[in-house]
Amino acid sequence: MREAIRSAIGQLESHLVETNWTTAGPMPGDPDWSGGTVFRDEREVAVAAPSWALFRAVCRIGGQRGWYADWLWKIRGGLDRLAGGPGLRRGRRESDTLRYGDALDFWRVVGVDQDRSLSLRAEMRLPGEALLDFRIGANGEQDCTLRQTALFQPRGLFGLMYWYAVLPLHGIIFRGMLSGIQRDAVQIAMRERAG
């Protein structure tokens, strides 16, 4: 028993625990083909950096660093708090890394594949289910593509109205986010080469 307790505490201190109390609750993840409408907003950007640097930049979003088009995210966070959701106040566990199950402001990490992808499920108050997905495709050692996909499965008429109301803002929010991630990835790669 003592060994088990020591091992559990050691894993906690080394951040090797896959789940904790903040990961409790439903984690829907049914595929598109299982039924219902799923709206999709896809964007892609070429990045002159290796996939590891781009992945590191993607994993730095949120928390104290923000979401690049911060003023819109702050408005959305404030509206979420008014509706009884977590808003942006939760932050994140670590500043540069994300693991499955981590809380990230009003998102939850539901998929991580090192240097390849990150998937976030919205925990904000929404009339539906939302997922934000980042996929990295390497085009060479110093060049890759970042594809960002926002998925939304609406619940009822309010869900449909919500999607069409926020759709025009996606251009501002997601363009700013992709541009910020792209810039950070290039800087991360340059620092690594210089250091």
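**Exercise 1. In which helix does Ile172 lie?**

Solution. Ile172 belongs to helix 4, where helices (H or I, at least four residues) and strands (E, at least two) are DSSP runs numbered from the N terminus. The model is a predicted one, in which local features need pLDDT of at least 70 and side-chain atom pairs count only at pLDDT 80 or more, while totals for chains, interfaces and linings use all residues. Residues are numbered from 1 along each chain as its sequence is written, and side-chain values use heavy atoms, with hydrogens and water left out.

**Exercise 2. Describe the order of helices and strands, and the overall burial.**

Solution. The protein has four helices and six strands, and along the sequence they follow the pattern α-β-α-α-β-β-β-β-β-α. Of the 195 residues, 40% are buried, where buried means under 20% relative accessible area, exposed means over 50%, and partly exposed lies in between (1.4 Å probe, protein chains only). The protein exposes about 11200 Å², of which carbon and sulfur atoms supply 55%; accessible areas come from the Shrake-Rupley method with a 1.4 Å probe, and for residues only the protein chains shown count as cover. Among contacts (heavy atoms within 4.5 Å) with a separation of 6 or more, 62% are between residues 24 or more positions apart.

**Exercise 3. Which residues make the nonpolar surface patch, and which helix gives the most to it?**

Solution. The patch, of about 650 Å², is made by Trp71, Ile75, Leu79, Leu82, Leu169 and Ile172. Patches are made of residues with over 30% relative accessible area and no salt bridge, like charges being joined within 9 Å and nonpolar side chains (Val, Leu, Ile, Met, Phe, Trp, Tyr) within 5 Å. Helix 3 (70–82) and helix 4 (156–194) each supply at least two of its residues, and helix 3 gives the most, with four. As for Ile172, its relative accessible area is 41%, so this residue counts as partly exposed.

**Exercise 4. Work through the salt bridges of Asp41, Glu44 and Arg155.**

Solution. The structure holds 12 salt bridges, each defined by a side-chain nitrogen of Lys or Arg within 4 Å of a carboxyl oxygen of Asp or Glu.

- Asp41 pairs with Arg43, the closest N and O atoms being 3.0 Å apart; Asp41 is buried at 8% relative accessibility, whereas Arg43 is partly exposed at 24%.
- Glu44 pairs with Arg147 at 2.6 Å between the closest N and O atoms, and this pair links distant parts of the chain, since Glu44 is in strand 1 (residues 39–47) and Arg147 in strand 6 (residues 143–154), 103 residues apart.
- Arg155 pairs with Glu129, with closest N and O atoms 3.3 Å apart; Arg155 lies in the loop between strand 6 and helix 4 and Glu129 in strand 5 (residues 128–140), so the pair ties together parts 26 residues apart in sequence.

Finally, salt bridges that share partners join Arg40, Glu42, Glu44 and Arg147 into one network.

**Exercise 5. Which element supplies the largest share of the largest nonpolar core?**

Solution. A nonpolar core is a set of buried Ala, Val, Leu, Ile, Met, Phe, Trp, Tyr and Cys residues joined through side-chain atoms within 4.5 Å. Of the 41 residues in the largest such core, Leu54, Trp107, Leu120, Phe134, Leu146 and Ile181 touch the most other members. Elements that each supply at least two residues of this core include helix 2 (51–58), strand 3 (107–113) and strand 4 (117–122). The largest share, nine residues, comes from helix 4.
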